[in-house]
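Colleague: Before we begin, could you take me slowly through the reasoning behind the terms you use for this model?
Modeller: Gladly; let us look at it together and take one term at a time.

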Amino acid sequence: MLRALRSLYRLFQMARSAARHGALSPFEEALAGAGLTPVVLFFIRVIFGRPVGDLRPGERLANALSELGPAFIKFGQVLSTRSDLLGEEVAADLAKLQDQLPHFSSFEARSTIEAELGAPIDLLYLQFDDVPVSAASISQVHFALTTPDAAHPEGRAVAVKVLRPDIELAFARDIDLLLWIAEVIERTQPKLRRLKPVEVVKTFAATVRVEMDLRLEAASASELRGNFEGDPTYRVPEIDWHRTARRVMTQQRLSGIPFDDGPAMRAAGLDVDEILTKAAGVFFHQAFRDGYFHGDQHPGNMSVGLDGAIQVVDFGIMGRIDKKTRYFLADMLMGFVEHDYARIAKVYVDAGYLPASQSVEDFTLALRSIGEPIHGKPLAEISFARILGQIFAAAETFEMEVQPQLLLLQKNMLIAEGVSRQLNSHLNIWGLAQPLIEQWMIENRGPQARMEQAGLEFIHAVERLPAVMRNIDRLVGHLAEGGLKLDPEALKVINRTGSSWWLWIIIAVLAAGLLFTR
């Protein structure tokens with residue numbers, strides 16, 4: 001009861017803020033579901049509402065979330081990756097949420113660093129800038145110069161990320177509120193259950209938990225850096241592990257030109273088309289070669305070094321795609337290129353994504369409606385990210401669940417396409433990656449690759465055989481001891497026949513399951 005009253009009061013504050021920004025509609029059903037009458041909604045709208053100007057719904061929602069504080073700003077940023085829930089326009093507006101919040105004092109930042117690293121700040125950094133260069137919803141960043149050591153006798157220029165004081169408690173309170181709202185919506189609004197609000201909030205909570213341990217973000221940066229070791233086209237800052245802890249992360253400082261600033265690149269003597277070619281290659285390598293990609297590659301997190309290398313920071317949101325899903329994506333996109341929609345539908349069936357209750361023929365027709373309009377269009381006019389979004393929307397219509405990682409990938413594709421067209425409207429960034437894509441397809445999805453994959457799967461099954469036989473031996477022993485209980489009717493049949501053939505059928509079925517379950 002206390003939780004409900006506390007949540008209702010906070011919900012009222014949220015609705016008041018939303019009303020001021022003309023973004024109340026998302027709250028109306030939740031408020032009604034919580035038992036509040038339309039009179040209350042009218043009261044909120046009349047008392048707190050005001051003209052909001054000519055703004056889109058997504059822009060109004062973004063403004064309201066900004067006013068509500070750090071947890072809601074972060075929630076809006078996470079929601080911006082779920083175009084399947086909100087639509088592309090609202091998701092794009094939420095992705096523009098400003099992350100420049102009021103910074104906390106340098107005294108608090110210094111105190112956190114000293115407490116986490118167990119040493120006076122003067123012994124850790126030769127110089128520490130008290131004014132942060134950025135202040136985000138969870139942390140802020142200060143520039144510093146490390147104290148000299150053998151590797152860096154003059155010190156090293158670094159960026160120091162520090163968590164906000166008491167941010168964990170603040171987020172815990174707001175996540176509890178969001179979870180309560182989601183539970184109310186699922187109980188009272190059946191038509192909104194398909195949006196899985198409780199699952200969305202839990203996913204958000206898991207994301208925030210990772211971001212609040214800066215050691216995990218540092219590990220993400222380290223893994224991404226390792227994937228591009230020796231590649232001069234992509235630069236990930238090196239982590240200073242001696243000056244990194246749960247609430248503090250120190251990394252190499254990178255300086256460069258904002259990724260969307262074409263004139264500055266040209267003034268520095270850089271070839272913009274060459275930069276875009278590198279960007280296409282980097283994106284492809286992350287998504288398909290490594291299956292591990294930076295989940296928030298927007299111009300604010302990306303820059304270009306004076307040597308032409310693409311540089312990236314902020315590793316709080318990362319995505320993984322397993323090899324099976326990468327093969328699924330490749331086969332699906334190949335089907336679109338070849339206008340073979342029946343093949344694409346078969347890919348969905350083979351992957352187990354299309355429910356048995358859905359018509360394969362109808363799904364094939366839906367895929368054709370997506371692919372045919374782009375047939376014959378110049379590459380520069382085709383948005384593969386939007387095509388992927390349409391495919392995901394069709395999948396939802398046919399009651400298929402889309403992996404959040406693929407939605408995150410699609411969001412990054414949209415950003416990449418938008419920036420590339422801003423820099424050169426005549427280029428399609430995926431066309432630049434075509435040689436890499438073709439080579440990868442030959443190596444991984446060509447006839448020889450498929451034969452090699454089948455051979456590896458056979459070898460894997462053979463290697464499992466001894467373990468399977470041991471499991472069968474244990475199973476037989478378990479059966480002999482009466483460990484398996486059968487249905488009484490089945491036992492009557494067995495007793496009437498007086499045969500043990502059923503035992504061997506059970507063993508054979510279980511053995512097959514153990515052998516072919518990977």
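Colleague: What covers the buried residues of α16?
Modeller: Keeping in mind that this is a predicted model, the cover over the buried residues of α16 includes α15 (323-337), α17 (360-371) and α18 (384-397).

Colleague: Which residues of helix α16 are the buried ones, and what makes you say that they line one face of the helix?
Modeller: In α16, which runs over residues 341-350, the buried residues are Y341, I344, A345, V347 and Y348. Looking down the axis of α16, one finds these buried residues within an arc of 150°, and therefore they line one face of the helix. The general background is that an α-helix has 3.6 residues a turn, so residues three or four places apart point the same way.

Colleague: How do you know that the length of helix α19 agrees with what it should span?
Modeller: Helix α19 has 20 residues, 404-423, and at 1.5 Å a residue it should span 28 Å; since its end C-alpha atoms are 29 Å apart, the two values agree.

Colleague: Why is α19 called largely enclosed?
Modeller: Of the 20 residues of α19, 14 are buried, so the rest of the structure largely encloses this helix.

Colleague: What makes β5 and β7 edge strands?
Modeller: The open sheet has 4 strands in the order β5-β10-β9-β7, with mixed pairing. Because β5 (234-235) and β7 (257-258) each have a single partner strand, one side of each is left without a neighbour in the sheet. The partner of β5 is β10 (residues 310-312), with which β5 pairs in the parallel sense over 2 bridges, and there Y234 has I310 as its bridge partner.

Colleague: Why do you call the contact between E238 and R156 a salt bridge?
Modeller: The cut-off is 4 Å between a side-chain nitrogen of Lys or Arg and a carboxyl oxygen of Asp or Glu, and the closest N and O atoms of E238 and R156 are 3.0 Å apart, so the pair qualifies. E238 lies in the loop between β5 and β6 and R156 in the loop between β3 and β4, so the pair ties together parts that are 82 residues apart in sequence.

Colleague: Is R156 buried or exposed, and how do you know?
Modeller: Buried means under 20% relative accessible area, and R156, at 18%, therefore counts as buried. E238, in contrast, has a relative accessible area of 33%, so E238 is partly exposed.

Key. Residues are numbered from 1 along each chain as its sequence is written. This is a predicted model: local features need pLDDT of at least 70, side-chain atom pairs count only at pLDDT 80 or more; totals for chains, interfaces and linings use all residues. Side-chain values use heavy atoms; hydrogens and water are left out. The expected span of a helix is 1.5 Å times one less than its number of residues. Buried means under 20% relative accessible area, exposed over 50%, partly exposed in between (1.4 Å probe, protein chains only). The arc is that of the directions from the helix axis to the C-beta atoms. Contact means heavy atoms within 4.5 Å. Two strands pair if DSSP finds at least two bridges between them.
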